[in-house]
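Biologist: I would like to go through the terms used for this model one by one. Please set each value against its cut-off.

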Protein chains: 4
Amino acid sequence: MNLAFVGLGHMGLPMALNLLKGGIPVTGFDLSAGQMDALAAAGGRRAASAADAVAGADVVITMLPASKHVEALYLGEHGILAHAPKGTLLIDCSTIAPESARKVAQAASAKGFPMIDAPVSGGTGGAKAGTLTFIVGGEAAGLDRARPVLEKMGQNILHVGPAGAGQIAKVCNNMLTGILMIGTSEALRLGMAHGIGPKVLSDVIAKSTGRNWALESYNPCPGVLESAPATHGYAGGFGVDLMLKDLGLAVESAMGVGACVPLGALARNLYDIHSKAGNGGLDFASVFNLFASKNDANPAGSCP
Amino acid sequence: MNLAFVGLGHMGLPMALNLLKGGIPVTGFDLSAGQMDALAAAGGRRAASAADAVAGADVVITMLPASKHVEALYLGEHGILAHAPKGTLLIDCSTIAPESARKVAQAASAKGFPMIDAPVSGGTGGAKAGTLTFIVGGEAAGLDRARPVLEKMGQNILHVGPAGAGQIAKVCNNMLTGILMIGTSEALRLGMAHGIGPKVLSDVIAKSTGRNWALESYNPCPGVLESAPATHGYAGGFGVDLMLKDLGLAVESAMGVGACVPLGALARNLYDIHSKAGNGGLDFASVFNLFASKNDANPAGSCP
Amino acid sequence: MNLAFVGLGHMGLPMALNLLKGGIPVTGFDLSAGQMDALAAAGGRRAASAADAVAGADVVITMLPASKHVEALYLGEHGILAHAPKGTLLIDCSTIAPESARKVAQAASAKGFPMIDAPVSGGTGGAKAGTLTFIVGGEAAGLDRARPVLEKMGQNILHVGPAGAGQIAKVCNNMLTGILMIGTSEALRLGMAHGIGPKVLSDVIAKSTGRNWALESYNPCPGVLESAPATHGYAGGFGVDLMLKDLGLAVESAMGVGACVPLGALARNLYDIHSKAGNGGLDFASVFNLFASKNDANPAGSCP
Amino acid sequence: MNLAFVGLGHMGLPMALNLLKGGIPVTGFDLSAGQMDALAAAGGRRAASAADAVAGADVVITMLPASKHVEALYLGEHGILAHAPKGTLLIDCSTIAPESARKVAQAASAKGFPMIDAPVSGGTGGAKAGTLTFIVGGEAAGLDRARPVLEKMGQNILHVGPAGAGQIAKVCNNMLTGILMIGTSEALRLGMAHGIGPKVLSDVIAKSTGRNWALESYNPCPGVLESAPATHGYAGGFGVDLMLKDLGLAVESAMGVGACVPLGALARNLYDIHSKAGNGGLDFASVFNLFASKNDANPAGSCP
């Protein structure tokens, strides 16, 4: 198999490294020389351009920041649809607008390329550990071909529906995640303001009807979970500005199909306020501090 | 042991029946003759009044609608503190304002009664099945005495902190639950508006970062979970107006201690709009239909 | 002067009639034969198509529902830019996305047409009475030529800035209007729930810091203002679904430029809930009833 | 006439000075010696206590921070009802919970005192200029006696209804004011992000359906209005924490009577976030900066 990987950022590079580790030869391309060096150091091949990368590929994986990059890379003059060999399997792992995903998939299909949209859940931690969840839209036949490749990078492969369905489910999931994190932050802050420790409160809610991923696996209060970004200065993880982008996709997409998302829309604006205050680069769990008083003795630090 | 149970409503009656089933003699009191009949039919003893019920009791359990009823029952002239034997263990399982719980606990303590606040999570289903979670505030000694009794009615007994802490944790948990239900409804509606089935979407999110109790154990879309109230016309379960009451306690309590709860406050207003439209008696998962168009071919019915 | 008017709907027709009344010959086009008949009955000339209407025109006015119609009408093969005589002044009075307005204005400019965007404020009442406010974007020279025409249809002509600026200001104004209406409804409902009459309460707030257009000129409570749609069953006026469209433009536009609009976004979702409940065709002041209990003796009727 | 004035703070002192200027002898009391000095310097008489101040008074005016102070001052052992001469007219100008106002008024009435609640609108500027609006609840007879006194301090005297009605109307007005300020800020920020100047945008909206007090008389963008606190570093005026208190009264009061206030509740939480970030002492128009990016070249400064 010849696999081309375009987009070697915080997510793409560790994913590509897991493919190499799994014995799949990878030809990579990224605008950053440093990221290309890291791939080469692990045994990958450097391409001179995206067109060069995909030239002899059986499988192409792309991992890019936003809809406009994906559209340009696939549909542009020097792009994938113009340069990949006929029949190459195309896998887009970016998180983008469902409308964009459908547009690119239709263009691919018209030129005879099998294509799936396979956005991921699990963050940079999951990308490094090879424990990502792939949320897949597209034909079953394409997914069947992709499965051995995806299994090198993740643990769960979930087929949702036709082209674009992976993006839709991802957007729904991430909107809900953004809500869970703020709701959990409000609940913990409310208990703490009453003098209840965040650790015991988290334990109680985890056994009750308020249990959710943000509380149990990514607790926003420093010190409750050793592994959580909150305990490490909200560094790494999934940034506020990335959550803001995903909530923007959700709200835009909701307006497009006439769906009503009042909590989703408010959550977006709260992350926006948090980002505008200078926190866009912190992990999104730092929204916990939007509800802390500057005058608190210990506004964030070691909560428990 | 002589146990008095005051307040035999939708929650109190099945709890008292589980005590009887567990071999604990129960003397009950409720304003409804029908509920008293049901207790008597299962072997319980009828009391003529609350004062009569608690007269010879070692343990008193109360399960009432709101703060004002609890304050009146404990602090009033014909109330529990005036009529229970010295040293009787007092257990209030009502969900009320933390401030009220502390007030009653202080009055009890001043008169030498050990008392715990032990609001429950799990609904009428949990009350019947004896699988409730008790969220307890008060002294460890009181809880130790209460434990054998609580174990007849529930599976989890969680000690949060001093008097009132059970109510605080309950309020935090329920506020978060109210948010989870609306957030989950928005996410499912958004996917459905894009043509994704609610069952497959729920499965995907359940394996991703959006997972939470409302999605997995109480799915608001009819047909996704056989056991959920949504699948049975939103009957039974936990009513919209009860969720509205709990969110009111949360918002009031947040303002009292200077906590910030934007999603909690918005959730409260959305349940209020839903209740005002005539749905106060339905299960709170019916908020799912606040986001359905009257013009949809299938606004609620059998979603999947 | 030869003036072509394309789009003779609820707003366009009365505007065109005022031009005729002011002595300006109007050639009109609309897809509805009934609207064309009404124009002809008042002395206007019927055109067979938009292209036909603009063929010999000095000035073209367009009044269409949404961005896509405006783009198609101006940029399409059979459209205005392809068929209007060189130098014809183009005036778009539709309310559309600022991005669309700029796109069309650039295309017009590239072909040598002077063009202004001139969305209106004032509703069907203002259109009939000739008291509209025009909120104008584009070059001063274009506006100077347009002024004698606009003055037949409105009272205020406000120049905001370059091409697209009229749409931006309109979107800002209408977002705020949508917020004012809900905020005013909440305030009146709060007072009424306390037993204060809506008329005296409106009078008091009108003399205080809460004064605003919705309260004083378009009061949402039936009976407070004789002239308001609220007093006439919320018929006529500016529909819920039109407000929903404008708030959609505002939210979309805000996300595009990184602006934060939490009240605007919540207002949009509240009108959406109100529309989904079957009220999309009522005047937008009917959002007042979103806050009425179905169980109220007099949920809406004659408030004062 | 002997007039006692208790509570000589930012509002009370300038009000008392206007009474002196109008020829009414004032005996004042405040816990701050500095405020008492200022009154004495203008010809007022110092009292040793509140009881002393009201001892020989025909009319008592009170201006205090919150419900608890008013209840203590009127109902306490050393309070006004215990020490004022029979028949003295009592005027409370504080902004407090309607429930507190009714409680105090009932106690006053039971002891034979005529009493009105007369909260004010207009801020410290209005207090100094003698242009306040009084929003009055209570019997007409009481208001008739109060009128000559109130006219020395204000321009508008609005009778709303029975005891407590003044407070209710005030709470409704201020909730709406808090919403107007945020909504206006969002609209101006949205236009500015699109490159429209805040001055021209404010002018346009002021002539359209978005017009409101915050925009026209208290514009939140620095430089638009010379007289507004925004133009003077958001100093003076009506503080964020005072708005937060009033919105708290509104939300609490709404929950008490079953009113729905989604925008009011969200506005409260936004001011709370703004206050927690360290801005509680600034004028409430500074909420405009909650929507500014820290990375903007000119986040607040000289907008126009």
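Modeller: Between chain A and chain C, four residue pairs are in polar contact, both residues being at pLDDT 80 or more. A polar contact is a pair of N or O atoms within 3.5 Å; within protein, one must be able to donate a hydrogen and the other to accept it, and residues adjacent in sequence count only if both atoms are side-chain atoms. This is a predicted model, in which local features need pLDDT of at least 70, side-chain atom pairs count only at pLDDT 80 or more, and totals for chains, interfaces and linings use all residues. Residues are numbered from 1 along each chain as its sequence is written, chains are lettered from A and ligands numbered from 1 in the order in which they are written, and side-chain values use heavy atoms, with hydrogens and water left out.

Biologist: Which elements of chain A give two or more residues to the side that touches chain C?

Modeller: They are α12 (240-257) and α13 (262-279) of chain A, where helices are DSSP runs of H or I with at least four residues, strands are runs of E with at least two, and numbering starts at the N terminus. α13(A) gives the most, with seven residues. By class, that side of chain A has eight nonpolar, three polar and four charged residues; Ala, Val, Leu, Ile, Met, Phe, Trp, Tyr, Cys and Pro count as nonpolar, Asp, Glu, Lys and Arg as charged, and the others, Gly among them, as polar.

Biologist: How many residues of chain A and chain C are in contact, and what area do the two chains bury?

Modeller: Contact means heavy atoms within 4.5 Å, and 15 residues of chain A meet 15 residues of chain C. The buried area, which is the accessible area (1.4 Å probe) that two parts lose on being put together, summed over both, is about 1,200 Å², with 66% of it on carbon and sulfur atoms. Met255(A), Cys260(A) and Asn269(A) supply 43% of what chain A buries there, more than any other three residues.

Biologist: Why is the relation of chain A to chain C called a two-fold axis?

Modeller: A turn of 180° and a shift of 0.1 Å along the axis lay chain A on chain C with an RMSD of 0.1 Å, the copies being superposed by least squares on the C-alpha atoms of residues with pLDDT of at least 70 in both. That is the relation of a two-fold axis. The same surface serves both copies, as 100% of the contact residues of chain A recur in chain C.

Biologist: What makes Arg211(B) and Glu216(A) a salt bridge?

Modeller: The rule asks for a side-chain nitrogen of Lys or Arg within 4 Å of a carboxyl oxygen of Asp or Glu. The closest N and O atoms of Arg211(B) and Glu216(A) are 3.2 Å apart, so the pair qualifies. Arg211(B) lies in the loop between α10 and α11 of chain B and Glu216(A) in helix α11 (residues 213-217) of chain A, so the pair joins two chains.

Biologist: Why is Glu216(A) called partly exposed?

Modeller: Buried means under 20% relative accessible area, exposed over 50%, and partly exposed in between (1.4 Å probe, protein chains only). Glu216(A) has 29%, so it is partly exposed.

Biologist: How do you know that Asp203(D) and Lys199(D) are separated by about one helical turn?

Modeller: Asp203(D) and Lys199(D) are four residues apart in helix α10 (residues 198-206) of chain D. Their closest N and O atoms are 3.6 Å apart, in a salt bridge.
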